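New notebook page, new structure. I'll jot down what I look up as I go.

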Amino acid sequence: DWTNENIIDDQVERIRAQVGEARVISALSGGVDSAVSTALVHKAIGDQLTAVFVDHGLLRKGEREQVEKDYVESTGVRLITVDAADTFLGHLEGVTDPEAKRKIIGREFIRAFEQVQRDLVEEAKASGGAPVKFLVQGTLYPDVVESGGGAGTANIKSHHNVGGLPDDLDFELVEPLRALFKDEVRAIGRELGLPEAIVGRQPFPGPGLGIRIVGEVTRERLEILREADAIAREELTAAGLDAQIWQCPVVLLADVRSVGVQGDGRTYGHPIVLRPVSSEDAMTADWTRIPYDTLSAISNRITNEVDEINRVVLDVTSKPPGTIEWE
Ligand code: XMP
């Protein structure tokens, strides 16, 4: 009979046996799986582990602070944050095609992470310390099953996840969540004392807000979307709807403008789309029937508080035929 405590103790022993004295690197994405796998490895080997967080400038409001402050406080993990927003936004300049955006973001992510890996490897060599030999991955049981062949899923969109392996560096993987399902991972995260905002987080795509701006990604547009997204999330949480909603992308139609009126003046702003969906596994989804009062509260707040937005629209498409994200 496996309690969460049992699972943690067992994994701690396995991790110690696997890595010995070597040093270990982990990529934190802000998501549940990487947060819990990193915390488990930290519990096992402490400062032999270095966690790396790449801020690509496409994060939601508060996410970086959540990792740098709340997560670090609750775990004591040694964290390196890579400030890569300028690089990412530079490469995204003028790019509007969704697949092109995904490829650029995926590629730059791996580049940023590899750079830190190389630095740490060099540093260990120079100081004569234990070599950096392992990489933590938050692989879950369903990921193992999915990649084990069988009826492969069609590649509708190129997904990217954190922690791609550089080919010229020789790393072994540490995957302490390989036998677990998502709800078990969350339970273990809570047992380890991680912040609820991380453990209970809904899915968020690796390319972040970069694929929630229809059109070119710019700093100004990110700022607008970040504000609108924060308001929507706040109101959905306040209405007690988090458990009912799989996730609710907020999408900025940056190249669309419509006429509105505010006070005595005409406005010419952008629409924002709310895309609340209910789902079991993200393969299929239905649009969530959010109460009108909540929709109304979100719409009022966004149009009042975010100057550039003068219209809020609701996406009422199931998946299929719509995907959950707009890009
Ligand atoms: P779609 O839009 O394909 O999304 O219906 C299904 C689920 O996958 C998430 N998603 C991603 N996750 N990297 C990720 O890690 C990605 O590139 C990516 N694209 C979509 C999406 O948020 C939804 O939960």
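Before anything else, a note on contacts: I count two residues as touching if their C-beta atoms, placed from the backbone, lie within 7 Å. Also worth writing at the top: this is a predicted model.

**Entry: Gly31.** I used that cut-off here right away. Leaving out neighbours within four places in sequence, I find Gly31 in contact with Arg201 and Phe204. Gly31 sits in the loop that links strand 1 to helix 2. Is Gly31 buried, exposed or partly exposed? I get 19 other C-beta atoms within 10 Å, and buried takes 20 or more, so I put Gly31 down as partly exposed.

**Entry: Gly30.** This residue is also in the loop between strand 1 and helix 2. Around Gly30 there are 22 other C-beta atoms within 10 Å, so I call it buried. Not counting residues up to four places away in sequence, Gly30 touches Leu59, Glu63, Gln66 and Val67.

**Entry: the record.** I checked UniProt for this stretch. The entry, which is unreviewed, has a "binding site" annotation on Ser29, Gly30, Gly31, Val32, Asp33, Ser34 and Ala35. Such annotations may be inferred rather than shown by experiment, so I leave it as a note from the record.

**Entry: the sheet.** In what order do the strands of the sheet run? I read 3-2-1-4-5, five strands in an open sheet with parallel pairing. Strand 3 and strand 5 (172-174) are at the edges, each pairing on one side only. From one strand to the next the twist averages 30°.

**Entry: strand pairs.** I looked at strand 1 (residues 23-28) with strand 4 (residues 132-136): they run parallel and are joined by four bridges. One thing I looked up there is Ser26, whose bridge partner in strand 4 is Val136. Helix 2 (residues 32-45) packs on the sheet, where it touches strand 1, strand 2, strand 4 and strand 5. The direction of helix 2 makes about 155° with that of strand 1.

Next I took strand 2 (residues 49-55) and strand 3 (residues 78-83), parallel again, with six bridges between them. Asp55 has Asp83 as its bridge partner in strand 3. Together with helix 3 (residues 63-75), strand 2 and strand 3 make a β-α-β unit, and I noted it as right-handed.

**Entry: helix 9.** Last check of the day: does the length of helix 9 (residues 219-238) fit or clash with what is expected? At 1.5 Å a residue, its 20 residues should span 28 Å, and the end C-alpha atoms are 28 Å apart, so the two agree. After helix 9 comes Gly240, with a positive phi near 75°.

Key. Residues numbered from 1 in each chain as written. Predicted model: local features only at pLDDT ≥ 70, side-chain atom pairs only at ≥ 80, totals over all residues. Pairing = 2+ DSSP bridges. Helix = DSSP H or I, 4+ residues; strand = E, 2+ residues; numbered from the N terminus. Right-handed = clockwise from strand over helix to strand, strands pointing away. Expected span 1.5 Å × (residues − 1). Axes fitted to C-alpha atoms, helices over the stretch in contact; angles between N-to-C directions. Buried ≥ 20, exposed ≤ 12 C-beta atoms within 10 Å, placed from the backbone.
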